[in-house]
Every structure is written in C-alpha cells, then in structure tokens.
Amino acid sequence: MTLPLVDDVVLRPVAVDDAEALTEAYVRNREHLRHWDPRRPDDFFTLRGQVIRVEDQLEQRNTGRLMPWVLADGDSVVGCVNLSNIVLGPFRSGSLGYWVDAAYNGRGLATAAALAACQVADERLRLHRIEAGTLLDNVASQRVLAKAGFEAIGVAPHYLHIDGSWRDHKLFQRILNERPPGG
Ligand SMILES: CC(C)(COP(=O)(O)OP(=O)(O)OC[C@H]1O[C@@H](n2cnc3c(N)ncnc32)[C@H](O)[C@@H]1OP(=O)(O)O)[C@@H](O)C(=O)NCCC(=O)NCCS
C-alpha cells in the first residue's frame, strides 16, 4: 500500500525494482549516513549489493519478521523505513529504523513516515508496541521520535555497533494500543 507523506513523497513497500534507485540514494548519502549507520562493505553501494539486500528483506517480509519501505519521490528513493525484529506472542513488538536523504531533511518526512509506520503496525500488523534507539547525540532523530509519540525509556550502554564501535543508545517506545495479544 502506498501512503502519501509530504508534498509528492510517498511511503511504499520496497521492491526489487527499487535496487537501482536505492544504490543511487545510498551513494548520494554515504557521508550523510556514515556517522549513524553500521560500517557498510563497498558491495553495499553497488546494484548487485542492493539487489541481494532487497531480496533478503523480501524474504524476511514473507516470514513476517520485517516490513521494509522506501520513501519515494517519483522514480527516486529519498529514504527508507524499516520495522524489523517483529515478534508476536505476548510481546507483539517491532523496531523502527529510518533515514531521509540529506536534500529532503527538515520537511517533516521522517516524522510523517514514523507516524505512518506506527499506524500500519497497529492496524494491519496488530502489534502492541514499537521501539527505536538513537545515538545519544542524534538530536534530530530524538526529535522525530518525540513528535511521533514515542517516550524515552532509558539508555542502553554499548547497544549497537555503529560507525565502527559499540555505541550507547537512547531507547524509546510507543505503546500503540491495549488490545490483548491475538485481539
Ligand atoms: C534524523 C533524520 C531521519 C531526520 O529526518 P527529517 O525528515 O529531517 O526529520 P523531520 O523533518 O521529520 O524532523 C526533524 C526534527 O529535528 C530537528 N532537528 C534537526 N536537526 C537538529 C539538531 N541538530 N538539533 C536539534 N534539532 C534538530 C528539526 O528541527 C525537526 O524538528 P521540528 O519539526 O521540531 O523543527 C535525518 O536527518 C537522517 O536521515 N539522519 C541520518 C540517519 C539517521 O540519523 N537515522 C535515524 C537513526 S536513529
């Protein structure tokens, strides 16, 4: 399902056909993302690397563990949103991750995308909770989460391997509803 976000930018599920536009987007934003992302092998910035990555994402989507979206402006990919580590049972939780093209920052896109992902998680995936983690100095991302209704729940030391080392993260969650599991 394609969801309108801001201006002409939409949020839609990723497809293998996006691999070329994804490659261009990651090459264009390599410096913009470096400090906030895991170290990427050179292959990640090639069409072959993106085809493999999208195929892996679609496999995970088919087993219900991942919802991968792109932010698209026409034929260009201008960001990504993922709901990963989807777990059902009494947890019914997923982890939100996102980035927005440097040229599109400051237009409310990440916030609109986070809100849309929460709505899908609540109404279609029937999850109870979404979590997200940011580096301690990622003030822009913390602002996005606050605007999207997340609350800070603590700091996890040495939580994720980002930009070459294990980094402390500020953790957030948004409780989506009080439906019982399976309800
Ligand atoms: C973080 C990121 C997703 C924000 O995307 P965006 O589309 O610009 O976000 P929005 O426009 O919805 O909101 C950004 C908010 O952060 C604020 N902001 C931006 N830079 C800031 C800074 N250095 N200090 C304080 N606030 C800042 C903006 O003013 C805005 O808040 P406002 O609406 O109250 O003015 C984008 O910068 C990005 O992709 N960064 C690199 C990857 C990344 O950090 N991903 C998240 C990992 S947790």
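This passage describes salt bridges in a predicted model.

Nine salt bridges were counted in the structure. Three of the pairs, Arg-12 with Asp-18, Glu-31 with Arg-34 and Asp-163 with Arg-39, are considered here together with the solvent accessibility of their partners.

In the pair formed by Arg-12 and Asp-18, the side chains meet with an N to O distance of 2.8 Å. Asp-18 has a relative accessible area of 6% and is therefore buried, the cut-off for this class being under 20%. Arg-12, by contrast, is partly exposed, at 22%.

A salt bridge also joins the side chains of Glu-31 and Arg-34, with 2.4 Å from N to O. Both residues belong to helix α2, which spans residues 30–34; because they lie three residues apart in this helix, about one helical turn separates them. The acidic partner, Glu-31, is exposed, with a relative accessible area of 56%, whereas Arg-34 is partly exposed at 41%.

In the salt bridge between Asp-163 and Arg-39, the closest N and O atoms are 3.5 Å apart. This pair links distant parts of the chain, its members being 124 residues apart. Asp-163 is located in the loop between β7 (151–162) and β8 (165–175), while Arg-39 is located in the loop between α2 and α3 (47–62). With a relative accessibility of 17%, Asp-163 counts as buried; Arg-39, at 58%, counts as exposed.

Technical notes
Residues are numbered from 1 along each chain as its sequence is written. This is a predicted model: local features need pLDDT of at least 70, side-chain atom pairs count only at pLDDT 80 or more; totals for chains, interfaces and linings use all residues. Side-chain values use heavy atoms; hydrogens and water are left out. A salt bridge is a side-chain nitrogen of Lys or Arg within 4 Å of a carboxyl oxygen of Asp or Glu. Buried means under 20% relative accessible area, exposed over 50%, partly exposed in between (1.4 Å probe, protein chains only). Helices (H or I, at least four residues) and strands (E, at least two) are DSSP runs, numbered from the N terminus.
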